[in-house]
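Please find below a colleague's reading of the structure, set out as numbered points for someone who has not looked at it before.

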Amino acid sequence: MYSSGGVSVGELSDRRTQTKARLETLREMIRAAEGFAAGKACVYATGSFGRCEASTYSDLDLFIVGKKDGKEGRDGKQGSLLKRLDEICIKAELIKATRELGIPEFSGDGRYLAHHSVHEFTKTLGTPEDDAINTFTARLLLLLESCPLLGDEVYKEVTKEVIDAYWRDYDDHKDHFMPAFLANDILRLWRTFCVNYEARTERTPEDEKAKGKLKNYKLKHSRLLTCYSALLHLLAVYARRNTVSPTDAEFMISMTPTERLEWLLAQTWLSDAHATVKALLDQYELFLARTNAAESELVRRFSDKDTSRQYMTEAYRFGDLVFQVLKSHRKRQSIHRLLVV
């Protein structure tokens, strides 16, 4: 526990411990749903629960992904082994458990509690349809900030299948494989977050303007770190080995965004960047402390011009720090160039 900017912060370790405990309780409460998902599907959390930094006020963002059923439809796609009635039963258990735990209702009245086939994740990759049916976001969040709730073995199979799709040219380039496909998709996700913020944010009246500032503040911390912690990790691995293997990708996926920063700190050969990485973690803990309040209270704070200006200055500093770490990896020009141009 230490003090930063006048706010006492020790949020990260506390949030991790508390989130893991809450996720374990949730798993116990939905154990009955395992029977519906067994061998057929997995359920994974994203957002603050997936990043292991949920607060009392966090809602639960979930996705359901089923294994391929082996039956091709007219569109050439394969459906999910998880059938509609079993999906409904799983969702019912999830809704019941979250209500009992006092977790806020699923956003959009449950419309984002989506069920995809892993076939959709891999076959729509890079196509216009990828955006239209939301597989793009579900797939990238699976890789960047997910935590399995149901069907751990299926979760491992699904993540491996998605990695294989991104690493499909790896066998021909094992000694110098640059993960350009995945890196470009991560950059696209970040740009999509930014564009969606601009398109969906109301500037009037004042309370809506304050909500927009709050969204921007979160975008420039948690969303930014979700994307760029992965890019920094891939960049570091490539700089060290001149290649990135599927096993390296699996290791990256096993970590939360902040754990990826801590991994960078453990690499002695990256000592030149350590001070900046530590500053990033300090700034992120400050962000967690700042946002540990109900939305109504946060909107009230962002309605105050001085507070809002202070918070957004911190957000810009966070982005500057990410950029500084990114620049520290310029020795491997090829992948650094990919991320810039």
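1. In this predicted model, the lining of the second largest pocket draws at least two residues from each of strand 8 (147–150), helix 8 (152–166) and helix 11 (246–253). Helix 8 supplies the largest share, with 5 residues. The space in this second largest pocket comes to about 340 Å³. Its lining holds 17 residues, and those closest to the centre are Ser146, Pro148, Tyr155, Ile253 and Ser254. By residue type, the lining of the second largest pocket is made up of 7 nonpolar, 5 polar and 5 charged residues.

2. The largest pocket encloses about 1800 Å³ of space. It is lined by 47 residues, of which Asp59, Asp61, Ser107, Lys215 and Arg223 are the closest to its centre. Two or more lining residues come from each of several elements, among them helix 3 (47–50), strand 4 (61–66), helix 7 (135–144), helix 10 (206–241) and helix 14 (295–303). Which element gives the most to this lining? That element is helix 10, which contributes 7 residues to the lining of the largest pocket. The lining residues of the largest pocket divide into 18 nonpolar, 14 polar and 15 charged.

3. Helix 10 also deserves attention for its packing against helix 14, where the two axes come within 8 Å and cross at roughly 100 degrees. Angles of 65 to 115 degrees count as roughly perpendicular, and helix 10 and helix 14 are therefore described as roughly perpendicular to each other. On the side of helix 10 the contact is made by Asp207, Ala210, Lys211, Lys213, Leu214 and Tyr217, while helix 14 brings Glu295, Leu298, Val299, Phe302 and Ser303. The residues of this contact between helix 10 and helix 14 comprise 6 nonpolar, 1 polar and 4 charged.

4. Thr46 is a useful residue to inspect, and its place is in strand 3 (residues 41–46). Is Thr46 buried or exposed? Thr46 counts as buried because its relative accessibility is 3%, and the cut-off for buried is under 20%. Leaving aside residues up to four places away in sequence, Thr46 touches Asp61, Phe63, Leu141, Glu145 and Ser146. Two of these partners were named earlier in this note: Asp61 is among the residues closest to the centre of the largest pocket, and Ser146 is among those closest to the centre of the second largest pocket.

5. Leu141, another residue that Thr46 touches, is one of the buried residues of helix 7. Helix 7 is mostly covered, with 9 of its 10 residues buried. The buried residues of helix 7 are Thr135, Phe136, Ala138, Arg139, Leu140, Leu141, Leu142, Leu143 and Leu144.

6. Turning to enclosed space, the count comes to 1 cavity of 30 Å³ or more, and the largest cavity holds about 30 Å³ of space. The residues that line the largest cavity are Leu264, Leu270, Ala273, His274, Val277, Val325 and His329. Helix 13 provides the largest share of this lining, namely 3 residues. The lining of the largest cavity divides into 5 nonpolar residues, 2 polar residues and no charged residues.

7. Trp269 lies in the loop between helix 12 (257–266) and helix 13. Trp269 counts as partly exposed because its relative accessibility is 29%. Not counting residues up to four places away in sequence, Trp269 touches Ala236, Ala239 and Arg240. As for its distance from Phe49, Trp269 is 220 residues apart from it in sequence and 32 Å apart in space, C-alpha to C-alpha.

8. A reader checking the backbone may wish to look at two loop residues. Most residues other than glycine have a negative phi. Cys52, in the loop between helix 3 and strand 4, has a positive phi near 60 degrees and is not a glycine. Asn242, in the loop between helix 10 and helix 11, likewise is not a glycine and has a positive phi of about 65 degrees. Cys52 counts as buried because its relative accessibility is 8%, whereas Asn242, at 27% relative accessibility, counts as partly exposed.

Terms used: Residues numbered from 1 in each chain as written. Predicted model: local features only at pLDDT ≥ 70, side-chain atom pairs only at ≥ 80, totals over all residues. Heavy atoms only, no water. Helix = DSSP H or I, 4+ residues; strand = E, 2+ residues; numbered from the N terminus. Buried < 20%, exposed > 50% of the residue type's maximum accessible area, 1.4 Å probe, protein only. Contact = heavy atoms within 4.5 Å. 1 Å grid on protein atoms, 1.4 Å probe; cavity = no way out; pocket = protein on both sides within 12 Å on 5 of 7 lines; lining within 4 Å. Points joined across faces, edges and corners; volume = space filled by probe spheres on them. Nonpolar A, V, L, I, M, F, W, Y, C, P; charged D, E, K, R; others polar. Axes fitted to C-alpha atoms, helices over the stretch in contact; angles between N-to-C directions. Parallel < 35°, antiparallel > 145°, perpendicular 65-115°, else oblique.
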